[in-house]
Amino acid sequence: MLDAYQTLILLLDSTLRLSTPLLLACLAGLYSERSGVVDIGLEGKMLGAAFGAGAVAYLTSNAWLGLLAGIGVAVGLALIHGFASITNRGNQIVSGVAINFLAAGLTVLLGQAWFSQGGRTPTLPQGGRFGEVILPGAEAVRDVPVLGPLYSELISGHNILVYLAFAAVPLTWWILFRTRFGLRLRAVGENPAAVDTAGISVVLLRYRAVVICGILTGVAGSYLSIAQSSGFIRDMTAGKGYIALAALIFAKWRPVNAMYACLLFGFLDAMAIRLQGKSIPMIGEVPVQVFQTLPYILTVILLAGFIGKAIPPKASGVPYLKERS
Amino acid sequence: MSETPAIELRGVNKSFGPVHANRNIDLLVGKGSIHGIIGENGAGKSTLMSILYGFYQADSGSIHVDGREVRIADSRQAIDLGIGMVHQHFMLVDPFTVLENVILGAEDGATLSGGTRKARQELRRLEQEYGLKVDPDAVVGDLPVGLQQRVEILKALYRGAEILILDEPTGVLTPAEADHLFKILEVLRDQGKTVLLITHKLREIMAITDTVSVMRRGEMVATLKTAETSMEELAEQMVGRSVLLHVEKTPADPMGTILEVEDLNVTDARGVRVVKDISFKVKAGEIVGIAGVSGNGQSELLEALAGIRKADSGRLSIRSETLDLATMDIDPALMREKGMGHVPEDRHRMGLINSFAEYENAVLGYHRSEKYAKGLLLDIAAIKQEAREAIEKYDIRPPSTDLRTANFSGGNQQKIVLAREIERDPDVLLVGQPTRGVDIGAIEFIHKRLIELRDEGKAILLVSVELDEIRSLADRILVMFDGAIVGEREAGADETELGLLMAGVQDQGAASGAVAGEKA
């Protein structure tokens, strides 16, 4: 029984770790899409950020500088997306896909050119990686039955970015529903003409959303290369950007739902890892792919209308053009 | 007008490429008055108001507000100058509450709590002062259009508007709602606000304005005191020649029933029943009009009859052939084959492909016909020849078969659709909003053509939200409310009575007897 509890704690622990990049990317997408800019380029921005963070953290031995570089790369890519889809009113899907390709190719190319390790960045030196944060009292309560492991294993002992990601959820909710910026952001994603006639710049508002999206994907990407792992490897995002997008739909573009969706998808991922090569009684060995596809299957089921309805912001994906009435 | 005018425009010009939308416009609007601006579609009214509201910048000319020359670079500046605008298509965020819509852009601080509290108080004050009642916590998308418009007015007043511009405000309202709006506007004027009312409806100008300016082809052709003018004079000024405001027609001489609809029910994508147990007949040689406020199931009715929308139940007999609309495999091509022409309500969405050339649109839906085939290919020459004939017969301008339809005016686009459907010699013609966004000259033509068609012995089902149009064209009027036919009236029916039916006030006594009698 105690063993099972221990296993569960470990499972949940790795759920948190695996959910973190999803959650950051999902919130990033939330800002962007709430403002009316569809972003299929979350994946590319994360990948670019992961590389930037890995490279700079290796060169400087400073995780914070690495994070800053990751954010810088992602914001840069976000601005390209903004320039294409807001300023030039281009197709947002095409622009996003282009960014994904750009990031996939460029990270390997630059990685090989700079470090000659097949597109990887070298293993990070001491200080180049975010370490575990041990919360006060974690050691002291470790041996308290039931609650002890819960606190010291599950709550404590993650790196700072994990806490940041989860703190971003209530913060995002507050920004979205309690501030002027949030009101305008939600409005511009539903009816940009209403925002324009209220004397607010649609372009500026959407750029701000896209930059926030860049910052958050930057953190998400950096998490992968300098917190969760110790260095960048090619294609290390492995579709997390797309899963985050699926989670966003699953969450119906709401921040707290986004957290639950990402936790669910993270949990599935954790299960996949835990059950790898093991057989479940009665069922036998379950291929990892089953768990890996589940987020997508769940999203398709949702979109098919079985779990309520997911209605995106009305103006998302539609460039705003002042009409010649 | 001795005091300073609220608005003065001097020599305002605005061009979009080769189109001179506003030419040397001078305009004086007195403070505390209701000033109407009337003109056909494309006369430049909306452009002029957009300049005033900072949506566009004038190429030349000056704007004076309260006697001071101003530059209005964007809507923010217009708002700061006390100018508010109620747009034709509401600028509201549907999932937001009334309160959120009102404070958008005027939030009063970086967080919302303070502004919300203030707005709540202010709304209460405005309600008392102007009788503008609306629940601040209602979600705007759930409100009927009349109330949504009220939210737009409240938005402007909340921002301290002294000058209120309303662009075609009655297009979406029932006659009763329109009357209510006019009362509100009168209260606003009496409280010292200035109201600019843009419309193409002469009746409204006569009913409510103090002064009226007429625009024609980008120019301001006259400014008159409403009391000293007449509908005829204004119409003449708008078009530049005298116009017949009333459709001339002889009483209908209906023959046998051609179209019969029985027990039609339609559910829309949201699962709402939008057409409820509808049965009616249309005889050869008569126009049956369906009146109703937009969104009461008329569109779905029309689409179901045209074969675009699936019905839950319903039979349709055309001549002597009966089709089951629920079980049979119905599509628009089949309906056309059976002799049903369809002029859809929204020509941009359904009637035309605007990036296609005129001649391509002129055969759309009939392109499978043998007439236009040359082996596997289309016989372009034959199509163009026919298109040219239609252009001549319907006076479509410019007379070009190769121009994209996007470049035709609304009236001419509508004539292209009308020509396409009528010239295929259908037995029944379904017509939806034939003159929406169409200028007066073209309206006159379209109305005449429909009457001619009736006199040729065709059956016409006319759906329109313009009650005047229904009253002047239809030989029998069916009123739809909430998906059902709630009353039937003869051609000369009283407007107020129809208005009440359209608003869902239950039909009593004689009329229900008449409907029952018809069924028996």
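# Exercises on strand E3 and its surroundings

Strand E3 of chain B is mostly covered, six of its six residues being buried; a residue is buried if 20 or more other C-beta atoms, placed from the backbone, lie within 10 Å of its own, exposed if 12 or fewer, and partly exposed in between. The model is predicted, with local features needing pLDDT of at least 70 and side-chain atom pairs counting only at pLDDT 80 or more, while totals for chains, interfaces and linings use all residues. Residues are numbered from 1 along each chain as its sequence is written, and chains are lettered from A in the order in which they are written.

**Exercise 1.** Assign the residues of E3(B) to the two faces of the strand.

Solution. Begin with the general rule: in a regular strand the side chains alternate between the two faces of the sheet. On one side of E3(B) are B:Ile34, B:Gly36 and B:Ile38. On the other are B:His35, B:Ile37 and B:Gly39. Both faces are covered, and these residues are all buried.

**Exercise 2.** Find the partners of E3(B) and the sense of each pairing.

Solution. Helices (H or I, at least four residues) and strands (E, at least two) are DSSP runs numbered from the N terminus. Two strands pair if DSSP finds at least two bridges between them. E3 (residues 34–39) of chain B runs parallel to E8 (residues 194–199) of chain B, with five bridges joining them. Within this pair, B:Ile34 stands opposite B:Val195, and B:His35 faces B:Leu196. Next take E9(B), which pairs with E3(B) in the parallel sense over five bridges. Here B:His35 is opposite B:Thr211.

**Exercise 3.** Place E3(B) in its sheet, and state which strands stand at the edges.

Solution. The sheet of chain B is open and has six strands in the order E6-E7-E8-E3-E9-E10, with mixed pairing. E6 (83–86) and E10 (219–225) of chain B each have a single partner strand, so one side of each is left without a neighbour in the sheet. From one strand to the next the twist averages 20°. Now add the helices, with axes as lines fitted to C-alpha atoms (for helices over the stretch in contact) and angles from 0 to 180 degrees between N-to-C directions. Contact between two residues requires C-beta atoms, placed from the backbone, within 7 Å. H5 (residues 145–158) of chain B packs on the sheet, touching E6 and E7 (163–167), and its direction makes about 170° with that of E6(B). H8 (residues 231–239) of chain B lies across E3, E9 (211–216) and E10, running at about 30° to E9(B).

**Exercise 4.** Describe the fold of chain B as a whole.

Solution. Count the elements: chain B has 18 helices and 22 strands. Its radius of gyration, taken over C-alpha atoms, is 25 Å, close to the 24 Å from the globule rule (2.2 Å times the number of residues to the power 0.38). Chain B is therefore as compact as a globular protein of 520 residues. Of those residues, 46% count as buried. Among contacts in chain B with a separation of 6 or more, 68% join residues 24 or more positions apart.

**Exercise 5.** Characterise the side of chain B that touches chain A.

Solution. The contact takes 24 residues from chain B and 18 residues from chain A. On the chain B side, H1 (45–52) and H2 (75–80) are the elements that give two or more residues. H2(B) gives the most, with three residues.
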